[in-house]
Amino acid sequence: MKRDDLRATLIACLLDVAPEISGEEVEDDVDIRDELDLDSMDILRWVQGIHKALGIEIPEEDYGKIASLGDAIDYVAGRI
Amino acid sequence: MAEFIMPSLGADMTAGTLGKWLVAVGDRVAHGDIIAEVETDKGTIEVEVFTSGVIEALLVEEGEKVPVGTPLAEIGEAGTESGTVSASVSGSAPESVSGSAPESVSGPASAPVSVSAGIMTLGGGGDLNGPMATPAVRRRAHELDVSLHALSGSGEHGRITQEDVERAAFANRVRAPSGDRVRISPYAKRLARQRQIDLTDVRGTGPGGAIGARDLEAVPAKPPADSPKERMQRAIAAAMTRANDEIPHYYVEHTIDMGTALEWLRAKNQSSSVNERLVSGVLLLRAVARALRKHPQLNATWQGSGVVRGDGFHVGLAVSLRGGGLVAPALRDADQGSLLELMARMTDLVSRARAGALRSSELTSPTITLTSLGERGVESVTPIIFPPQVAIVGFGAILTRPWVVNDRIVARPVVRVTLGADHRVSNGHQGARFLGTLDRLLQEPEKL
(Lines give C-alpha, C1' and ligand atoms only; values in the text may rest on other atoms or scores of the structure.)
Protein backbone atom coordinates (compact mmCIF):
# COMPACT_ATOMS: atom_id res chain seq x y z
CA MET A 1 0.00 0.00 0.00
CA LYS A 2 1.33 3.41 -0.97
CA ARG A 3 2.06 6.00 1.70
CA ASP A 4 -0.70 8.27 0.42
CA ASP A 5 -3.20 5.42 0.65
CA LEU A 6 -2.06 4.59 4.16
CA ARG A 7 -2.42 8.23 5.14
CA ALA A 8 -5.96 8.34 3.74
CA THR A 9 -6.88 5.15 5.61
CA LEU A 10 -5.52 6.39 8.93
CA ILE A 11 -7.30 9.71 8.53
CA ALA A 12 -10.55 7.91 7.69
CA CYS A 13 -10.17 5.89 10.91
CA LEU A 14 -9.52 9.13 12.78
CA LEU A 15 -12.64 10.74 11.36
CA ASP A 16 -14.70 7.78 12.56
CA VAL A 17 -13.54 8.61 16.07
CA ALA A 18 -13.76 12.39 15.81
CA PRO A 19 -16.13 13.32 12.98
CA GLU A 20 -16.04 16.95 14.17
CA ILE A 21 -12.54 17.46 12.79
CA SER A 22 -11.60 18.05 9.20
CA GLY A 23 -9.28 15.56 7.58
CA GLU A 24 -7.44 18.39 5.90
CA GLU A 25 -6.40 19.90 9.21
CA VAL A 26 -4.47 16.82 10.29
CA GLU A 27 -0.77 17.52 9.84
CA ASP A 28 1.81 14.77 9.78
CA ASP A 29 4.19 16.10 12.39
CA VAL A 30 2.03 17.26 15.28
CA ASP A 31 0.88 15.34 18.34
CA ILE A 32 -2.67 14.34 17.45
CA ARG A 33 -3.78 14.13 21.10
CA ASP A 34 -2.97 17.79 21.62
CA GLU A 35 -3.82 19.04 18.18
CA LEU A 36 -7.15 17.26 17.82
CA ASP A 37 -8.09 17.15 21.51
CA LEU A 38 -8.18 13.35 21.67
CA ASP A 39 -8.21 11.33 24.88
CA SER A 40 -7.14 7.77 25.65
CA MET A 41 -10.55 6.41 24.70
CA ASP A 42 -10.30 8.13 21.31
CA ILE A 43 -6.82 6.69 20.74
CA LEU A 44 -8.06 3.20 21.61
CA ARG A 45 -10.95 3.58 19.18
CA TRP A 46 -8.50 4.76 16.52
CA VAL A 47 -6.29 1.73 17.14
CA GLN A 48 -9.36 -0.51 16.89
CA GLY A 49 -10.29 1.16 13.60
CA ILE A 50 -6.81 0.62 12.20
CA HIS A 51 -7.03 -3.02 13.23
CA LYS A 52 -10.32 -3.40 11.44
CA ALA A 53 -9.13 -1.60 8.30
CA LEU A 54 -5.63 -3.04 7.98
CA GLY A 55 -5.55 -6.07 10.26
CA ILE A 56 -2.70 -4.61 12.31
CA GLU A 57 -2.89 -4.92 16.09
CA ILE A 58 -0.99 -2.13 17.79
CA PRO A 59 -0.03 -3.05 21.37
CA GLU A 60 -0.53 -0.51 24.13
CA GLU A 61 3.19 -0.11 24.72
CA ASP A 62 3.53 1.13 21.14
CA TYR A 63 1.02 3.95 21.47
CA GLY A 64 3.93 6.34 21.88
CA LYS A 65 5.08 5.39 18.40
CA ILE A 66 1.87 6.62 16.80
CA ALA A 67 1.73 9.99 18.53
CA SER A 68 1.60 11.90 15.24
CA LEU A 69 0.02 10.96 11.94
CA GLY A 70 3.43 10.77 10.30
CA ASP A 71 4.70 8.44 13.03
CA ALA A 72 1.60 6.30 12.68
CA ILE A 73 2.05 6.00 8.90
CA ASP A 74 5.68 4.93 9.41
CA TYR A 75 4.67 2.45 12.10
CA VAL A 76 1.88 0.87 10.07
CA ALA A 77 4.00 0.81 6.88
CA GLY A 78 6.62 -1.19 8.78
CA ARG A 79 4.04 -3.71 9.93
CA ILE A 80 2.32 -4.45 6.62
CA MET B 1 -54.79 9.29 31.76
CA ALA B 2 -51.19 10.40 32.06
CA GLU B 3 -49.54 13.49 30.73
CA PHE B 4 -46.21 13.36 28.98
CA ILE B 5 -44.55 16.66 29.82
CA MET B 6 -41.61 18.68 28.54
CA PRO B 7 -38.84 17.31 30.74
CA SER B 8 -36.25 19.34 32.55
CA LEU B 9 -33.05 17.98 31.05
CA GLY B 10 -30.80 19.74 33.49
CA ALA B 11 -31.07 22.48 36.07
CA ASP B 12 -30.28 25.09 33.46
CA MET B 13 -33.15 24.21 31.14
CA THR B 14 -36.29 26.35 31.24
CA ALA B 15 -37.80 25.50 27.86
CA GLY B 16 -37.38 23.09 24.97
CA THR B 17 -38.49 22.82 21.36
CA LEU B 18 -40.46 19.76 20.34
CA GLY B 19 -38.32 18.80 17.38
CA LYS B 20 -40.06 15.67 16.19
CA TRP B 21 -42.78 13.30 17.24
CA LEU B 22 -41.84 9.64 16.86
CA VAL B 23 -45.38 8.45 17.62
CA ALA B 24 -48.88 9.30 16.42
CA VAL B 25 -52.26 9.38 18.10
CA GLY B 26 -53.43 5.83 18.63
CA ASP B 27 -49.95 4.36 18.96
CA ARG B 28 -49.32 2.09 21.92
CA VAL B 29 -46.23 3.00 23.94
CA ALA B 30 -44.39 1.14 26.66
CA HIS B 31 -42.14 2.16 29.53
CA GLY B 32 -38.77 3.26 28.13
CA ASP B 33 -39.91 3.92 24.57
CA ILE B 34 -38.41 6.95 22.85
CA ILE B 35 -41.41 8.90 21.61
CA ALA B 36 -40.08 12.38 20.78
CA GLU B 37 -37.01 14.43 20.04
CA VAL B 38 -36.54 17.65 21.95
CA GLU B 39 -34.14 20.36 20.89
CA THR B 40 -32.32 21.96 23.78
CA ASP B 41 -29.26 24.11 24.29
CA LYS B 42 -27.39 20.84 24.74
CA GLY B 43 -28.46 19.46 21.38
CA THR B 44 -31.23 17.14 20.29
CA ILE B 45 -32.33 14.78 23.04
CA GLU B 46 -34.36 11.62 22.53
CA VAL B 47 -37.10 11.66 25.13
CA GLU B 48 -38.35 8.45 26.66
CA VAL B 49 -41.73 7.82 28.22
CA PHE B 50 -41.96 6.04 31.54
CA THR B 51 -45.54 4.98 31.50
CA SER B 52 -47.40 2.56 29.25
CA GLY B 53 -50.58 3.16 27.33
CA VAL B 54 -52.02 4.60 24.16
CA ILE B 55 -51.28 8.07 22.79
CA GLU B 56 -54.57 9.92 23.04
CA ALA B 57 -53.46 13.39 22.01
CA LEU B 58 -50.37 15.24 20.86
CA LEU B 59 -50.68 18.67 22.45
CA VAL B 60 -47.66 20.42 21.01
CA GLU B 61 -46.69 20.71 17.38
CA GLU B 62 -43.26 20.02 15.97
CA GLY B 63 -41.14 23.14 16.06
CA GLU B 64 -43.02 24.65 18.99
CA LYS B 65 -40.98 25.88 21.95
CA VAL B 66 -42.65 25.40 25.31
CA PRO B 67 -41.61 25.80 28.95
CA VAL B 68 -40.44 22.84 31.01
CA GLY B 69 -43.43 21.07 32.49
CA THR B 70 -45.77 21.81 29.59
CA PRO B 71 -47.93 18.79 28.73
CA LEU B 72 -46.79 17.46 25.36
CA ALA B 73 -49.08 14.48 24.99
CA GLU B 74 -51.81 12.60 26.77
CA ILE B 75 -51.42 8.90 27.29
CA GLY B 76 -54.43 6.84 28.18
CA GLU B 77 -55.06 3.24 28.95
CA ALA B 78 -58.38 1.51 28.41
CA GLY B 79 -59.90 0.75 31.75
CA THR B 80 -57.79 3.27 33.63
CA GLU B 81 -59.78 5.50 35.91
CA SER B 82 -59.43 9.12 35.07
CA GLY B 83 -58.23 11.27 37.91
CA THR B 84 -55.33 9.31 39.28
CA VAL B 85 -52.39 10.05 37.09
CA SER B 86 -48.81 8.99 37.25
CA ALA B 87 -46.60 10.10 34.44
CA SER B 88 -42.88 10.37 34.25
CA VAL B 89 -40.50 11.66 31.69
CA SER B 90 -37.21 11.30 33.39
CA GLY B 91 -36.49 7.92 34.77
CA SER B 92 -38.19 5.81 37.33
CA ALA B 93 -39.28 7.24 40.61
CA PRO B 94 -36.51 7.90 43.07
CA GLU B 95 -37.22 7.19 46.68
CA SER B 96 -38.06 10.28 48.65
CA VAL B 97 -35.89 10.43 51.73
CA SER B 98 -37.27 13.53 53.32
CA GLY B 99 -40.82 12.43 52.94
CA SER B 100 -41.87 15.84 51.75
CA ALA B 101 -42.58 16.68 48.17
CA PRO B 102 -39.54 18.37 46.70
CA GLU B 103 -41.66 20.93 44.99
CA SER B 104 -44.77 21.96 46.77
CA VAL B 105 -47.76 23.61 45.22
CA SER B 106 -48.93 26.64 47.10
CA GLY B 107 -52.42 27.90 47.51
CA PRO B 108 -54.98 26.72 50.02
CA ALA B 109 -57.40 25.74 47.34
CA SER B 110 -54.99 23.88 45.15
CA ALA B 111 -55.56 20.32 44.13
CA PRO B 112 -53.50 17.70 45.92
CA VAL B 113 -50.65 17.82 43.47
CA SER B 114 -47.01 17.02 43.92
CA VAL B 115 -44.01 16.77 41.70
CA SER B 116 -41.24 14.40 42.53
CA ALA B 117 -38.25 14.39 40.25
CA GLY B 118 -40.17 13.86 37.09
CA ILE B 119 -43.08 12.03 38.60
CA MET B 120 -46.25 14.01 38.44
CA THR B 121 -49.27 12.94 40.41
CA LEU B 122 -52.64 14.60 40.23
CA GLY B 123 -55.18 14.27 42.96
CA GLY B 124 -58.76 13.10 42.47
CA GLY B 125 -60.30 14.79 39.47
CA GLY B 126 -63.69 15.64 40.86
CA ASP B 127 -62.89 16.26 44.48
CA LEU B 128 -61.45 19.72 44.37
CA ASN B 129 -62.19 22.96 46.09
CA GLY B 130 -60.12 25.13 43.76
CA PRO B 131 -59.04 25.26 40.15
CA MET B 132 -57.52 22.05 38.89
CA ALA B 133 -54.19 22.44 37.10
CA THR B 134 -50.88 20.69 36.86
CA PRO B 135 -47.87 22.08 38.74
CA ALA B 136 -46.41 23.28 35.47
CA VAL B 137 -49.55 25.19 34.60
CA ARG B 138 -49.64 26.73 38.07
CA ARG B 139 -46.00 27.73 37.75
CA ARG B 140 -46.65 29.28 34.36
CA ALA B 141 -49.69 31.12 35.69
CA HIS B 142 -47.58 32.50 38.51
CA GLU B 143 -44.91 33.63 36.04
CA LEU B 144 -47.48 35.40 33.90
CA ASP B 145 -49.38 36.82 36.87
CA VAL B 146 -52.57 35.05 35.88
CA SER B 147 -55.08 34.12 38.56
CA LEU B 148 -56.27 30.54 38.11
CA HIS B 149 -59.43 31.33 40.02
CA ALA B 150 -60.51 33.68 37.25
CA LEU B 151 -60.23 30.97 34.59
CA SER B 152 -62.48 28.20 33.48
CA GLY B 153 -60.45 25.26 32.26
CA SER B 154 -60.86 23.82 28.81
CA GLY B 155 -59.17 20.54 29.68
CA GLU B 156 -60.60 17.28 30.79
CA HIS B 157 -62.95 17.64 33.78
CA GLY B 158 -62.52 21.40 33.57
CA ARG B 159 -58.79 21.25 34.17
CA ILE B 160 -56.95 24.47 33.35
CA THR B 161 -54.42 23.93 30.59
CA GLN B 162 -51.26 25.75 29.60
CA GLU B 163 -53.20 27.12 26.65
CA ASP B 164 -55.83 28.60 28.98
CA VAL B 165 -53.15 30.39 30.95
CA GLU B 166 -51.31 31.68 27.88
CA ARG B 167 -54.58 32.92 26.42
CA ALA B 168 -55.47 34.74 29.64
CA ALA B 169 -52.01 36.28 29.83
CA PHE B 170 -52.31 37.51 26.30
CA ALA B 171 -55.73 38.96 27.05
CA ASN B 172 -54.20 40.80 30.00
CA ARG B 173 -51.55 42.24 27.75
CA VAL B 174 -54.24 43.47 25.37
CA ARG B 175 -55.22 46.11 27.87
CA ALA B 176 -54.00 49.65 27.92
CA PRO B 177 -52.29 50.89 31.10
CA SER B 178 -55.57 52.63 31.91
CA GLY B 179 -57.22 49.27 32.10
CA ASP B 180 -59.24 49.79 28.94
CA ARG B 181 -59.04 47.13 26.32
CA VAL B 182 -56.82 47.88 23.35
CA ARG B 183 -58.66 47.90 20.07
CA ILE B 184 -57.13 45.36 17.72
CA SER B 185 -58.32 43.38 14.74
CA PRO B 186 -58.67 39.60 15.21
CA TYR B 187 -56.00 38.93 12.59
CA ALA B 188 -53.55 41.36 14.21
CA LYS B 189 -54.30 39.80 17.57
CA ARG B 190 -53.41 36.37 16.27
CA LEU B 191 -50.31 37.73 14.57
CA ALA B 192 -49.18 39.49 17.73
CA ARG B 193 -49.58 36.33 19.70
CA GLN B 194 -47.61 34.29 17.19
CA ARG B 195 -44.78 36.82 17.15
CA GLN B 196 -44.95 37.37 20.93
CA ILE B 197 -45.32 41.10 20.51
CA ASP B 198 -46.09 43.19 23.56
CA LEU B 199 -49.00 45.33 22.41
CA THR B 200 -48.44 48.00 25.02
CA ASP B 201 -45.58 49.22 22.85
CA VAL B 202 -47.62 49.36 19.64
CA ARG B 203 -49.53 52.42 18.48
CA GLY B 204 -52.60 51.64 16.43
CA THR B 205 -53.24 53.66 13.27
CA GLY B 206 -56.68 52.29 12.56
CA PRO B 207 -60.05 53.84 13.41
CA GLY B 208 -60.11 54.90 17.05
CA GLY B 209 -56.46 53.91 17.42
CA ALA B 210 -57.14 50.26 16.66
CA ILE B 211 -54.09 48.13 15.95
CA GLY B 212 -53.99 46.43 12.58
CA ALA B 213 -51.60 43.96 11.03
CA ARG B 214 -49.77 46.80 9.31
CA ASP B 215 -48.93 48.38 12.67
CA LEU B 216 -47.24 45.17 13.73
CA GLU B 217 -45.00 45.15 10.68
CA ALA B 218 -43.22 48.19 12.07
CA VAL B 219 -42.33 46.30 15.23
CA PRO B 220 -38.70 45.28 14.83
CA ALA B 221 -38.00 41.61 14.48
CA LYS B 222 -36.33 39.90 17.39
CA PRO B 223 -32.53 39.71 17.10
CA PRO B 224 -31.21 36.55 15.47
CA ALA B 225 -30.89 33.57 17.75
CA ASP B 226 -27.56 32.69 19.24
CA SER B 227 -25.57 29.85 17.75
CA PRO B 228 -25.94 26.41 19.39
CA LYS B 229 -22.47 26.84 20.89
CA GLU B 230 -23.41 30.19 22.42
CA ARG B 231 -26.66 28.79 23.76
CA MET B 232 -24.85 25.86 25.35
CA GLN B 233 -22.31 28.16 26.96
CA ARG B 234 -25.10 30.33 28.31
CA ALA B 235 -26.85 27.25 29.72
CA ILE B 236 -23.63 26.09 31.36
CA ALA B 237 -23.11 29.57 32.78
CA ALA B 238 -26.59 29.57 34.27
CA ALA B 239 -26.15 26.15 35.85
CA MET B 240 -22.74 26.93 37.29
CA THR B 241 -23.86 30.29 38.63
CA ARG B 242 -26.80 28.62 40.30
CA ALA B 243 -24.52 25.95 41.73
CA ASN B 244 -22.17 28.56 43.16
CA ASP B 245 -25.02 30.65 44.55
CA GLU B 246 -27.13 27.88 46.03
CA ILE B 247 -24.97 24.90 46.90
CA PRO B 248 -22.79 25.11 50.00
CA HIS B 249 -19.86 23.13 48.64
CA TYR B 250 -17.24 21.43 50.76
CA TYR B 251 -14.17 19.72 49.40
CA VAL B 252 -12.00 16.83 50.54
CA GLU B 253 -8.95 15.50 48.72
CA HIS B 254 -7.10 12.24 48.68
CA THR B 255 -4.18 10.77 46.74
CA ILE B 256 -4.56 7.20 45.52
CA ASP B 257 -1.74 4.83 44.61
CA MET B 258 -2.76 3.55 41.18
CA GLY B 259 0.16 1.12 40.81
CA THR B 260 -1.84 -2.05 41.43
CA ALA B 261 -4.75 -0.93 39.26
CA LEU B 262 -2.54 0.07 36.32
CA GLU B 263 -0.47 -3.11 36.52
CA TRP B 264 -3.66 -5.18 36.47
CA LEU B 265 -4.96 -3.12 33.56
CA ARG B 266 -1.71 -3.51 31.60
CA ALA B 267 -1.73 -7.29 32.05
CA LYS B 268 -5.40 -7.50 31.14
CA ASN B 269 -4.99 -5.45 27.97
CA GLN B 270 -1.90 -7.42 26.98
CA SER B 271 -3.83 -10.66 27.10
CA SER B 272 -6.92 -9.27 25.40
CA SER B 273 -7.72 -8.59 21.79
CA VAL B 274 -7.60 -4.96 20.70
CA ASN B 275 -11.40 -4.80 20.83
CA GLU B 276 -11.46 -5.89 24.46
CA ARG B 277 -9.02 -3.38 25.88
CA LEU B 278 -9.99 -1.09 28.72
CA VAL B 279 -8.89 2.44 29.61
CA SER B 280 -8.11 3.51 33.16
CA GLY B 281 -11.16 5.79 33.15
CA VAL B 282 -13.46 2.79 33.25
CA LEU B 283 -11.84 1.62 36.49
CA LEU B 284 -12.38 5.06 38.04
CA LEU B 285 -15.99 5.12 36.88
CA ARG B 286 -16.74 1.67 38.28
CA ALA B 287 -15.00 2.47 41.56
CA VAL B 288 -17.06 5.65 42.00
CA ALA B 289 -20.30 3.77 41.35
CA ARG B 290 -19.38 0.96 43.77
CA ALA B 291 -18.26 3.45 46.43
CA LEU B 292 -21.68 5.07 46.19
CA ARG B 293 -23.25 1.80 47.27
CA LYS B 294 -21.55 2.20 50.64
CA HIS B 295 -22.20 5.93 50.92
CA PRO B 296 -25.80 6.43 49.82
CA GLN B 297 -25.94 9.99 51.19
CA LEU B 298 -23.89 11.01 48.13
CA ASN B 299 -26.26 9.20 45.80
CA ALA B 300 -29.06 11.73 45.76
CA THR B 301 -30.40 14.97 44.34
CA TRP B 302 -31.46 18.12 46.14
CA GLN B 303 -34.98 19.02 45.02
CA GLY B 304 -36.31 22.27 46.41
CA SER B 305 -35.98 21.70 50.11
CA GLY B 306 -35.46 18.01 50.38
CA VAL B 307 -33.21 15.14 49.49
CA VAL B 308 -34.34 12.59 46.94
CA ARG B 309 -32.31 9.41 46.93
CA GLY B 310 -31.16 7.99 43.60
CA ASP B 311 -33.00 4.97 42.27
CA GLY B 312 -29.77 3.30 41.17
CA PHE B 313 -26.13 4.21 40.80
CA HIS B 314 -26.13 6.51 37.82
CA VAL B 315 -22.85 8.35 37.46
CA GLY B 316 -22.65 11.44 35.28
CA LEU B 317 -19.64 11.64 33.01
CA ALA B 318 -18.35 15.10 32.15
CA VAL B 319 -17.73 15.03 28.41
CA SER B 320 -16.05 17.98 26.74
CA LEU B 321 -17.21 18.61 23.22
CA ARG B 322 -14.45 19.28 20.76
CA GLY B 323 -14.77 22.88 19.71
CA GLY B 324 -16.39 23.93 22.97
CA GLY B 325 -19.20 22.90 25.25
CA LEU B 326 -19.68 20.40 28.02
CA VAL B 327 -22.32 17.80 28.80
CA ALA B 328 -22.52 15.32 31.66
CA PRO B 329 -24.84 12.45 30.75
CA ALA B 330 -25.33 9.52 33.10
CA LEU B 331 -23.98 6.07 32.74
CA ARG B 332 -26.93 4.39 34.36
CA ASP B 333 -26.34 1.49 36.77
CA ALA B 334 -22.59 1.97 36.44
CA ASP B 335 -22.05 -0.40 39.38
CA GLN B 336 -23.35 -3.36 37.41
CA GLY B 337 -22.14 -5.59 34.58
CA SER B 338 -18.61 -6.52 33.59
CA LEU B 339 -15.89 -3.93 33.04
CA LEU B 340 -15.92 -4.82 29.36
CA GLU B 341 -19.62 -4.04 29.19
CA LEU B 342 -19.10 -0.81 31.08
CA MET B 343 -16.31 0.14 28.67
CA ALA B 344 -18.61 -0.44 25.70
CA ARG B 345 -21.37 1.60 27.31
CA MET B 346 -18.99 4.42 28.20
CA THR B 347 -17.64 4.55 24.63
CA ASP B 348 -21.17 4.62 23.25
CA LEU B 349 -22.26 7.34 25.68
CA VAL B 350 -19.29 9.60 24.93
CA SER B 351 -19.76 9.13 21.18
CA ARG B 352 -23.44 9.99 21.39
CA ALA B 353 -22.75 12.96 23.65
CA ARG B 354 -20.40 14.38 21.05
CA ALA B 355 -22.81 13.59 18.24
CA GLY B 356 -25.69 15.28 20.07
CA ALA B 357 -27.75 12.08 20.39
CA LEU B 358 -28.40 11.68 24.10
CA ARG B 359 -31.57 10.40 25.76
CA SER B 360 -33.60 12.26 28.33
CA SER B 361 -33.02 9.70 31.07
CA GLU B 362 -29.27 10.11 30.63
CA LEU B 363 -29.50 13.82 31.36
CA THR B 364 -31.81 13.67 34.32
CA SER B 365 -30.71 10.67 36.34
CA PRO B 366 -27.17 11.33 37.64
CA THR B 367 -26.69 12.01 41.33
CA ILE B 368 -22.95 12.48 41.13
CA THR B 369 -20.64 13.40 38.26
CA LEU B 370 -17.14 12.22 37.46
CA THR B 371 -14.82 14.68 35.78
CA SER B 372 -11.28 13.89 34.76
CA LEU B 373 -8.83 16.40 33.38
CA GLY B 374 -5.83 14.20 33.96
CA GLU B 375 -5.25 13.61 30.28
CA ARG B 376 -4.68 17.33 29.90
CA GLY B 377 -1.95 17.17 32.51
CA VAL B 378 -3.53 18.94 35.45
CA GLU B 379 -2.68 17.48 38.84
CA SER B 380 -6.01 18.11 40.52
CA VAL B 381 -9.49 19.41 39.80
CA THR B 382 -11.75 21.36 42.15
CA PRO B 383 -15.06 20.94 40.36
CA ILE B 384 -18.47 22.55 40.79
CA ILE B 385 -21.52 20.39 41.38
CA PHE B 386 -24.12 20.12 38.62
CA PRO B 387 -27.42 20.96 40.33
CA PRO B 388 -29.57 19.22 41.45
CA GLN B 389 -26.86 16.61 42.02
CA VAL B 390 -25.18 16.54 45.41
CA ALA B 391 -21.60 15.58 44.60
CA ILE B 392 -18.87 15.59 41.99
CA VAL B 393 -15.59 13.73 41.85
CA GLY B 394 -12.61 15.22 40.05
CA PHE B 395 -9.57 13.21 39.00
CA GLY B 396 -6.24 14.75 38.05
CA ALA B 397 -3.47 13.16 36.03
CA ILE B 398 -1.99 9.83 37.00
CA LEU B 399 1.59 10.89 37.67
CA THR B 400 4.65 8.98 38.79
CA ARG B 401 5.68 10.37 42.18
CA PRO B 402 7.93 9.37 45.10
CA TRP B 403 5.72 7.33 47.42
CA VAL B 404 6.36 5.57 50.70
CA VAL B 405 5.64 1.84 50.58
CA ASN B 406 6.70 -0.33 53.54
CA ASP B 407 8.91 2.50 54.87
CA ARG B 408 10.75 2.79 51.58
CA ILE B 409 10.49 5.57 49.04
CA VAL B 410 9.54 4.19 45.65
CA ALA B 411 8.26 5.64 42.41
CA ARG B 412 4.54 5.00 42.08
CA PRO B 413 1.79 6.22 39.75
CA VAL B 414 -0.63 8.21 41.88
CA VAL B 415 -3.75 10.24 41.20
CA ARG B 416 -5.20 13.13 43.15
CA VAL B 417 -8.95 12.83 43.62
CA THR B 418 -11.15 15.64 44.91
CA LEU B 419 -14.69 15.22 46.14
CA GLY B 420 -16.91 18.28 46.00
CA ALA B 421 -20.18 17.72 47.85
CA ASP B 422 -23.27 19.54 49.02
CA HIS B 423 -23.05 20.30 52.74
CA ARG B 424 -26.84 20.28 53.02
CA VAL B 425 -26.76 16.58 52.25
CA SER B 426 -23.47 15.22 53.59
CA ASN B 427 -20.50 16.38 55.59
CA GLY B 428 -16.73 16.24 55.35
CA HIS B 429 -16.48 13.14 57.50
CA GLN B 430 -18.78 11.23 55.17
CA GLY B 431 -16.94 12.63 52.16
CA ALA B 432 -13.60 11.47 53.53
CA ARG B 433 -15.00 8.00 54.13
CA PHE B 434 -16.23 7.93 50.53
CA LEU B 435 -12.73 8.69 49.24
CA GLY B 436 -11.29 6.02 51.53
CA THR B 437 -13.68 3.47 50.05
CA LEU B 438 -12.73 4.62 46.55
CA ASP B 439 -9.06 4.04 47.38
CA ARG B 440 -9.67 0.54 48.74
CA LEU B 441 -11.74 -0.44 45.71
CA LEU B 442 -8.97 0.64 43.34
CA GLN B 443 -6.47 -1.52 45.21
CA GLU B 444 -8.47 -4.58 44.14
CA PRO B 445 -9.16 -3.91 40.46
CA GLU B 446 -9.91 -7.55 39.74
CA LYS B 447 -13.04 -7.22 41.89
CA LEU B 448 -14.39 -4.16 40.13
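Good morning. A residue is called buried if 20 or more other C-beta atoms lie within 10 Å of its own C-beta atom. I begin with that cut-off because B:R354 has 22 other C-beta atoms within 10 Å, and B:R354 therefore counts as buried. Please keep in mind throughout that the model before you is predicted.

Let us stay with this arginine for a moment. B:R354 belongs to helix 8 of chain B. Which residues does B:R354 touch, once its neighbours within four places in sequence are set aside? The contacts are B:V319, B:L321 and B:R322 in its own chain, and A:E20 in chain A. For one of these partners I can also give a distance: the C-alpha atoms of B:R354 and B:L321 are 5.7 Å apart, although 33 residues separate the two in sequence.

The contact with A:E20 leads us to the meeting of the two chains. Chain B and chain A each bring 13 residues to it. On the side of chain B that touches chain A, helix 6, residues 259-270, and helix 8, residues 339-355, each provide at least two residues. Which element gives the largest share of that side? It is helix 8 of chain B, with 3 residues. By character, the residues of this side of chain B comprise 5 charged, 5 polar and 3 nonpolar.

I turn now to chain B as a whole. It contains 23 strands and 10 helices. Of its 448 residues, 41% count as buried. If we consider the contacts in chain B with a separation of 6 or more, 62% of them are between residues 24 or more positions apart.

Next, the interior. The largest nonpolar core has 104 residues, and B:L285, B:V288 and B:V315 have the most contacts inside it. Helix 7 of chain B, residues 280-294, contributes the largest share of this core, namely 9 residues. At least three residues of the core come from domain 1 (2-171) of chain B, and at least three from domain 3 (229-447). To see one member in detail, take B:V315. Leaving aside its neighbours within four places in sequence, B:V315 is in contact with residues including B:L285, B:V288, B:A289, B:L331 and B:I368. Apart from this core lies another, of 8 residues, among them B:M132, B:V137, B:V146 and B:V165.

Finally, let us look at some strands. Strand 4 of chain B, residues 34-40, holds B:I35. Is B:I35 buried or exposed? It is buried, because 20 other C-beta atoms lie within 10 Å. Beyond its neighbours within four places in sequence, B:I35 is in contact with B:L22, B:V23, B:V29, B:V47 and B:V49. The C-alpha atoms of B:I35 and B:E46 are separated by 7.6 Å, and the two residues are 11 apart along the chain.

How do strand 4 and strand 5 of chain B pair? Strand 5 covers residues 43-48, and the pairing is antiparallel, over 6 bridges. The two strands form a hairpin with 2 residues between them. One of the bridges links B:T40 with B:G43 in strand 5. As a general point, side chains in a regular strand alternate between the two faces of the sheet.

Strand 5 of chain B has a further partner. Strand 20 of chain B, residues 357-359, runs parallel to strand 5, and 3 bridges join them. Within that pairing, B:E46 has B:R359 as its bridge partner.

Thank you for your attention.

Conventions: Residues are numbered from 1 along each chain as its sequence is written. Chains are lettered from A and ligands numbered from 1 in the order in which they are written. This is a predicted model: local features need pLDDT of at least 70, side-chain atom pairs count only at pLDDT 80 or more; totals for chains, interfaces and linings use all residues. Helices (H or I, at least four residues) and strands (E, at least two) are DSSP runs, numbered from the N terminus. A residue is buried if 20 or more other C-beta atoms lie within 10 Å of its own, exposed if 12 or fewer, and partly exposed in between; C-beta atoms are placed from the backbone. Two residues are in contact if their C-beta atoms, placed from the backbone, lie within 7 Å. A nonpolar core is a set of buried Ala, Val, Leu, Ile, Met, Phe, Trp, Tyr and Cys residues joined through C-beta atoms within 7 Å. Domain bounds come from an automatic or database domain assignment. Ala, Val, Leu, Ile, Met, Phe, Trp, Tyr, Cys and Pro count as nonpolar, Asp, Glu, Lys and Arg as charged, and the others, Gly among them, as polar. Two strands pair if DSSP finds at least two bridges between them.
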